[in-house]
Amino acid sequence: MMKLAPRIAALAMLMAVLPVAAQEQPAKSEAVGPEQQEKLIAGVEPALVIVEYTLQFDKGEAPTGAGFGAKCPNCGQYHGNGAGEVVKEERPQELAGYLIDEKKVLVQDPQTHPRFVKSIAVRRFDRSGKLTETVNAKVSAYAKNSNAVILELDAAMPGAKAPTFDATAKGGLSYVALQQNGGRWGAGVHSLGGSFNVLGNKKMVGGGLGIAVNKEGIVAGVVADGDLPADGSWKGSPLKWALLEAGEMEKTLKSTEALAQGTIVRVTLNFRSPRNKETNSYRGGGGEDSTVQHVLGLIVDKNRVVVLTELKPTVTARLERIRVFTEPPIDAKFAGSLTDFGAFVATLEKPAAASIELSGKAIEELVGVASPSATINLQGEKRVVYLQPRRIADLNKGWRRNLYPEVVGDSTGLFMFDSDGALAAFPMVKREKASTAERWGSDRAVFSPSTLLAPVLADLKSNIDTNNVPLSEEAENRLAWIGVELQGLNQELARANNVSDLTSDGDTGALVTLVHPDSPAGKAGVEAGWVLLRINAEGEPKPIEVKVEQEYGYGRTFPWDRLDQVSEEYFDQIPTPWPALETPLVRTLTDLGFGKKYTAEFFTDGKVVKKDFVVTEGPAHYFSAPKYKHVGLGITLRDMTYEVREYLKKKPDDVGVIISKIEKGSKGSTSGLKPYELITHVNDKPVKNVKDFEEVTKGQNEMRFTIKRMTRGRIVKVTLAAATTQGAATKAAGEGAVEAPAEPITK
C-alpha cells in the first residue's frame with residue numbers, strides 16, 4: 001500500500017477539480033467526544049500489546065531496521081532512531097502491536113535482519129505503565145502488500161483478548177493506536193479516512209497503524225499503512241490478508257541466494273601502475289592510484305557483465321584485466337563505460353553458467369510489498385551476503401523525472417527481487433557530468449530500479465562514453481588543449497577588471513596571461529588580458545565555472561640555487577619547475593571528451609565575448625613526452641616540450657633533453673646529476689631528443705655531459721663499467737641484482 005504523505009498537497013489540488021462519484025467517497029469519521037473515545041479505547045484495550053525486540057550487535061555492526069525509524073518532515077528521508085543505542089542502554093526496542101487471534105500479533109515490519117534479533121517478546125499494554133508478564137514470540141507470516149508481520153506467541157497471553165472483526169461495520173471509522181509519549185505508552189483515538197487520494201488507478205483513504213472501530217465500538221479491522229484502499233478491502237481479520245508464511249519466505253530467500261550466488265559476483269579489476277609520482281599536476285580523489293579493485297558485477301546475460309563501479313577516465317585508461325569470479329572464474333574484455341551510470345559493460349571470454357533477469361515491472365508495483373532481498377558487500381576479496389525480506393517505503397522523483405525507490409534503513413549493497421525472482425532494484429551510482437562532478441569524489445550510490453538499466457543494455461552502442469576507455473600508456477597522459485595560461489582572480493583583480501558581478505567577486509574566473517599562437521584560443525582570436533569566465537558544453541546540465549588553484553610545492557619559484565643541497569632520497573618528491581598543465585580546467589575538458597563542442601565565455605572591453613571550440617588533444621607535454629632510461633647511469637630523460645621550452649626560454653631548435661628521474665645510488669646520482677637539469681651535449685655532440693641521447697651513449701663507457709641549469713652551465717664526466725656499455729648482463733659481486741643494458745621506454 002502506498003505511502004503518500006509527500007504527495008497529499010498535490011493530490012488535494014487535483015481532487016478539487018476532479019468529479020468523484022458519490023459511491024467512491026469515503027465515509028468520514030463522525031465526531032465523538034472524550035467519553036465516547038474513552039469507551040472505544042476500553043473496548044479494544046485487551047488487544048493492545050507491546051512487542052519487545054531484544055537486539056544485539058553482530059560482527060561489530062549495529063542493528064538497523066525500518067521499525068526503528070521515521071520519515072523526516074524536513075528532508076523527506078527516512079532516519080533511524082539509533083537501534084544500536086538501545087543495546088547500549090540494555091533495554092529492548094519497543095513497537096506497538098495488536099492481538100488479532102488468541103496467539104497471533106500484528107506489528108509493523110521492522111525489516112531487521114535476524115542476526116541482529118536476540119529474541120522477540122510480547123507483553124500486554126497496561127495504562128498504568130506496569131511491566132506485565134511477557135510471552136515469547138516468533139515471526140509467523142509476512143503481509144505481502146502491507147507494512148506488517150504477524151507474530152505467533154508461544155502461549156496465550158493472560159488478560160489479553162483479540163477482538164472480533166466485522167468487515168461489514170457501518171458508519172464513520174476511527175482507529176485506536178498505541179503510541180509513546182514522553183517515554184510512556186498510551187492509547188489514542190484517531191480519525192480514519194479523513195483524506196481521499198487518487199494516484200493512477202488507485203483510490204485511497206488516509207490511515208495509520210491501529211485497530212479500526214466505528215462509533216459503536218464494532219471492530220472493522222486493523223490498519224497498518226498510512227493509506228488504505230478506498231474500497232474497504234482491508235477490512236476484516238488480517239489473517240485473511242495476502243500473507244506469505246515464514247516457511248515460504250525462507251524458501252524464497254534460499255532461491256534468491258542461489259540465484260545471486262552465480263549472477264551477482266565479485267569482479268577483480270587490475271590496473272597499470274599510475275604514472276610516476278614525478279608530477280605536481282592536478283589529481284582528483286577517489287583512490288585513483290589503485291592497481292587492484294574488487295567490485296560487484298551483474299551477469300546480465302551469459303556473455304556480458306555489468307561492473308558496478310564508477311571509474312573516471314583517468315582510471316579506466318589504466319585498466320588492464322577484468323576477472324569475473326563465477327565458478328570457475330572467467331576473464332572479460334572491456335566493452336564500454338555507461339554514459340549516465342557509474343558502471344561499465346564487459347564481454348565474457350566464455351559463457352557464464354547463469355545470468356540474472358532484470359525485472360520489467362514498474363517500480364510503483366513494488367511499493368510496500370515484502371520482497372526477497374540480498375545485501376551483498378565485498379570485504380576485501382570476500383563476498384558477504386545477508387538475505388531478508390525488505391520493502392520499498394516510498395518513491396522519489398530523481399534524474400530525468402525517473403522514480404527511485406526509497407527504503408527505510410541502509411540500502412548499501414541491497415539487491416531487491418520481485419515475486420518472479422527478477423532483479424527489481426539495486427544500488428547504482430548516477431555518473432556525474434563533468435560540470436557537476438565533485439573534485440574529491442563522493443559516495444553517490446542510489447537505490448535504482450532495474451528498469452533504468454534494461455533499455456541501456458538493449459542499445460549499448462548509444463549509451464557508452466567513447467572517451468572513458470582503457471588506453472595505452474602513451475595515450476593515458478593525453479590532455480585537452482585550449483592554449484592559454486591563466487591566473488586566478490581575487491577580489492581586487494575582479495574589481496580592477498570590472499567582472500565582480502560575473503565572478504562572484506573573484507571567487508571564479510581567471511585572467512588570460514598568455515595565448516599560444518597556434519592553439520585553439522590563438523586561432524579564435526583570444527588575447528592576453530581577457531578574463532575567462534566559464535564554459536558551456538553540450539550535454540552538460542550547468543556551466544563549468546573556471547577556477548585556478550594555487551600551485552602547491554615550489555610553484556614558479558623553483559629553488560635552483562639550492563638543488564645541490566637536496567638529498568637523492570627526495571629527488572622523486574621535487575615538483576616540476578614549470579607550472580602543471582593538468583589543471584582542474586584542463587582535466588575537466590579532457591573528461592568531457594575529445595571532439596565535444598563547448599563555448600567559452602570571456603570578458604573584454606566591457607562586454608562578454610563567446611568563442612566556440614571543440615575539445616582538442618594538445619601537443620605532447622612533459623608527462624607525455626618520449627622518454628628514455630639509461631640503466632647504466634640510472635637516469636630517465638625526456639624530450640623538451642612546449643611548456644618546458646617556455647619556462648626555460650628555449651627556442652624550438654635549441655638542443656637538450658631533460659633529466660626527469662634519477663635512481664637512488666645510481667651512477668648518475670653519484671656523478672652529481674640533478675633532476676630537471678638539461679643535458680645539451682654528450683662528448684661534445686649535441687642531443688636534440690632522447691633518440692639522439694640513446695645513439696651517442698650507445699657503447700660508451702666514458703661520457704662527458706654538458707649540463708645546463710637554467711643559465712648556469714657545467715661539465716660532468718661519468719665512467720661506466722665496460723660490461724654495462726656493451727649490453728651484457730652482469731651480476732654484481734655479493735648482490736642478487738642483474739644490471740641490464742640501456743633500453744628505451746615508450747612514452
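The following conversation goes through the side-chain packing, charged pairs and backbone features of a predicted model.

Modeller: Residues are numbered from 1 along each chain as its sequence is written, and side-chain values use heavy atoms, with hydrogens and water left out. Because the model is predicted, local features need pLDDT of at least 70 and side-chain atom pairs count only at pLDDT 80 or more, while totals for chains, interfaces and linings use all residues.

Biologist: Which strand gives the largest share of the largest nonpolar core?

Modeller: In soluble globular proteins, nonpolar side chains tend to be buried together. A nonpolar core is a set of buried Ala, Val, Leu, Ile, Met, Phe, Trp, Tyr and Cys residues joined through side-chain atoms within 4.5 Å, where buried means under 20% relative accessible area, exposed over 50% and partly exposed in between, with a 1.4 Å probe and protein chains only. The largest core has 91 residues, and those that touch the most other members include Tyr-53, Leu-298 and Phe-415. The largest share of this core, 6 residues, comes from residues 48–55, which are strand E1.

Biologist: How many residues are in the second, separate core?

Modeller: Trp-578, Tyr-647, Leu-673 and Tyr-676 are among the members of this second core. It is separate from the largest one, and its number of residues is 35.

Biologist: Which backbone oxygen does the side chain of Thr-132 reach?

Modeller: Thr-132 lies in the loop between strands E6 (117–124) and E7 (134–143); strands (E, at least two residues) and helices (H or I, at least four) are DSSP runs, numbered from the N terminus. With a relative accessible area of 13%, Thr-132 is buried, and its contacts (heavy atoms within 4.5 Å) include Arg-123 and Asp-126, when residues up to four places away in sequence are not counted. At 2.8 Å from its side chain is the backbone oxygen of Arg-124.

Biologist: Which two acidic residues form salt bridges with Arg-123?

Modeller: Side chains of opposite charge can pair when their charged atoms come close. A salt bridge is a side-chain nitrogen of Lys or Arg within 4 Å of a carboxyl oxygen of Asp or Glu, and by this rule the count comes to 29. Arg-123 is buried, at a relative accessible area of 5%, and its strand E6 is tied to strand E1 through a partner 71 residues apart in sequence, while another partner lies in strand E4 (residues 93–101), 29 residues apart. The closest N and O atoms are 2.6 Å apart in the pair with Glu-52 and 3.1 Å apart in the pair with Glu-94.

Biologist: Are the rings of Trp-530 and Phe-602 stacked or edge-to-face?

Modeller: A pair of aromatic rings is described by the distance of the centres and the angle of the planes. Rings of Phe, Tyr and Trp (its six-membered ring) pair if their centres lie within 6.5 Å, and planes under 30 degrees apart count as stacked, over 60 as edge-to-face and the rest as tilted. Both Trp-530 and Phe-602 are buried, and they lie 72 residues apart, with Phe-602 in strand E35 (residues 597–604). Their centres are 5.6 Å apart and their planes stand at 65°, so the pair is edge-to-face.

Biologist: Over the ring of which residue does the charged end of Arg-115 sit?

Modeller: A charge sits over a ring if NZ of Lys or CZ of Arg is within 6 Å of the ring centre and within 35 degrees of the ring normal. One such case is Arg-638, which lies over the face of Tyr-622 at 5.2 Å from the ring centre. For Arg-115 the distance is 3.6 Å, and the ring belongs to Tyr-386.

Biologist: Which residue does a cis peptide bond join to Glu-327?

Modeller: Most residues other than glycine have a negative phi, and most peptide bonds are trans. Here omega is about 0°, and the place of the residue asked for is in the loop between strand E20 (319–324) and strand E21 (330–338). The partner of Glu-327 in this bond is Pro-328.

Biologist: What is the phi of Asp-684?

Modeller: Asp-684 is found in the loop between strands E40 (678–682) and E41 (685–686), and at 51% relative accessibility Asp-684 counts as exposed. Although Asp-684 is not a glycine, its phi is positive, at about 70°.

Notes:
Polar contact = N/O pair within 3.5 Å; in protein donor to acceptor, adjacent residues only side chain to side chain.
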